Amino acid sequence: MEGVLVRKIKKICVFCGANSGKDVAFVNATFHLGKVLGKRKIDLVYGGGKLGLMGCVSTAVAQHERQVLGIIPSAFTVNNLVGETCGKEIKVATMQERLVMMMELSDAFIALPGGFGTLEELFQMISWAQLNIHNKPIGVLNINGFFNGLLSFVDHAVKQEFITPRARKILISATTADELVDKLQAFRFEPDPALSKLKWSPSSSQKEKLDLTLRL
């Protein structure tokens with residue numbers, strides 16, 4: 001990291017599965033990520049509850065005496081559907097409100113193995129970065145090659161000129177937690193000159209919410 005401007009990261013939002021997955025390596029690597037965040041004095045923002053990898057990462061961060069914040073739609077708390085959140089919990093009305101709050105309260109984002117929900121959260125953050133709604137680093141922890149196919153697809157989309165080489169740089173990847181956090185800290189945002197001219201109004205609970213549903 002010598003000679004590289006290091007971004008100050010105090011809170012990382014982790015997107016991951018509410019299942020543990022088939023490979024025990026997913027669980028082990030998730031617990032290790034929590035340990036790494038704890039050692040680096042980084043707090044966790046996540047989707048709440050204690051299921052699957054979401055429970056693993058929140059438990060690990062809490063065990064290393066860092067703050068944990070779960071942001072969860074109220075619908076998930078009915079009948080204890082996802083279990084008790086490890087740490088502080090904020091209930092929101094919608095999935096979209098949850099993601100906006102995650103964006104606002106976090107300094108960076110990491111995606112671990114997961115399903116459609118994890119992928120939706122990951123690509124929403126990428127598209128918002130591309131639109132200059134935020135300039136925070138985004139990375140995937142590629143445990144046992146889980147994201148190989150996704151990364152290959154993204155590179156294919158670049159070759160087919162649907163994703164620009166500049167936008168491709170938004171998505172960071174690494175195979176270990178330490179390497180990924182180092183890359184997030186070294187990330188330098190390069191906005192698209194045209195899209196950087198877009199002006200977005202900040203969201204506020206006291207004002208009309210910004211519609212962030214635009215997709216490219």
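Which backbone oxygen does the side chain of R168 reach? In this predicted model, the side chain of R168 approaches the backbone oxygen of L171 to a distance of 3.0 Å. R168 itself belongs to helix α6, which spans residues 165-168, while L171 lies in strand β7, which covers residues 171-174. The relative accessibility of R168 is 18%, and the residue therefore counts as buried, the limit being under 20%. Beyond its neighbours within four places in sequence, R168 is in contact with L151, V154, D155, V158 and I163.

Strand β7 pairs in turn with strand β6 in the parallel sense, over four bridges. In this pairing V140 is placed opposite S173 of β7. On its other pairing, β6 is joined to strand β5 (residues 108-111), again in the parallel sense but over three bridges. Here G139 of β6 is the bridge partner of I110. The connection between these two strands involves helix α4 (residues 116-130), and β5, α4 and β6 together make a right-handed β-α-β unit.

The side chains of a regular strand alternate between the two faces of the sheet. Strand β6 (residues 138-141) can be described in these terms: I138 and V140 point one way, whereas G139 and L141 point the other way. All four of these residues are buried.

Strand β5 also contains A108. With a relative accessible area of 0%, A108 is classed as buried because the value falls under 20%. A108 and K11 are separated by 97 residues in sequence, yet their C-alpha atoms are 6.9 Å apart in space. K11 is also one of the contacts of A108, which, leaving aside neighbours within four places in sequence, are I9, K11, I12, C13, P137 and L184.

The largest nonpolar core comprises 62 residues, and I12, V14 and L33 are the members that touch the most others. Helix α1 (residues 24-39) supplies the largest share of this core, with seven residues. For V14, the residues touched, not counting those up to four places away in sequence, are L33, L44, V45, Y46, V57, I110 and L112. L33 is thus both a contact of V14 and, with I12 and V14, among the members touching the most others in the core. I110, a further contact of V14, is the residue whose bridge partner in β6 is G139.

Aromatic pairs were also examined. A pair of aromatic rings is described by the distance of the centres and the angle of the planes. The count of such pairs comes to four. In one of them, the ring centres of F146 and F147 are 5.0 Å apart and the planes stand at 90 degrees, so the arrangement is edge-to-face. The pair formed by F187 and F189 is instead tilted, with 6.5 Å from centre to centre and 50 degrees between the planes. F187 and F189 are both buried. For the edge-to-face pair, F147 has a relative accessibility of 1% and therefore counts as buried, while F146, at 35%, counts as partly exposed. F146 and F147 also belong to one aromatic cluster together with F26.

Backbone conformation was considered next. Most residues other than glycine have a negative phi. E65, although not a glycine, has a positive phi of about 60 degrees. E65 is located in the loop between α2 (52-63) and β3 (68-73) and is exposed, with a relative accessible area of 70%. N144 is likewise not a glycine and has a positive phi of about 50 degrees. The position of N144 is in the loop between β6 and α5 (148-159). N144 is exposed, its relative accessible area being 59%.

Finally, V6 is located in the segment before β1 (11-15). Its relative accessible area is 44%, so V6 is partly exposed. V6 and G47 are 41 residues apart in sequence, and the distance between their C-alpha atoms is 27 Å.

Note on methods. Residues are numbered from 1 along each chain as its sequence is written. This is a predicted model: local features need pLDDT of at least 70, side-chain atom pairs count only at pLDDT 80 or more; totals for chains, interfaces and linings use all residues. Side-chain values use heavy atoms; hydrogens and water are left out. Buried means under 20% relative accessible area, exposed over 50%, partly exposed in between (1.4 Å probe, protein chains only). Two strands pair if DSSP finds at least two bridges between them. A crossover is right-handed if, with the strands pointing away from the viewer, the path from the first strand over the helix to the second runs clockwise. A polar contact is a pair of N or O atoms within 3.5 Å; within protein, one must be able to donate a hydrogen and the other to accept it, and residues adjacent in sequence count only if both atoms are side-chain atoms. Contact means heavy atoms within 4.5 Å. Rings of Phe, Tyr and Trp (its six-membered ring) pair if their centres lie within 6.5 Å; planes under 30 degrees apart count as stacked, over 60 as edge-to-face and the rest as tilted. A nonpolar core is a set of buried Ala, Val, Leu, Ile, Met, Phe, Trp, Tyr and Cys residues joined through side-chain atoms within 4.5 Å.
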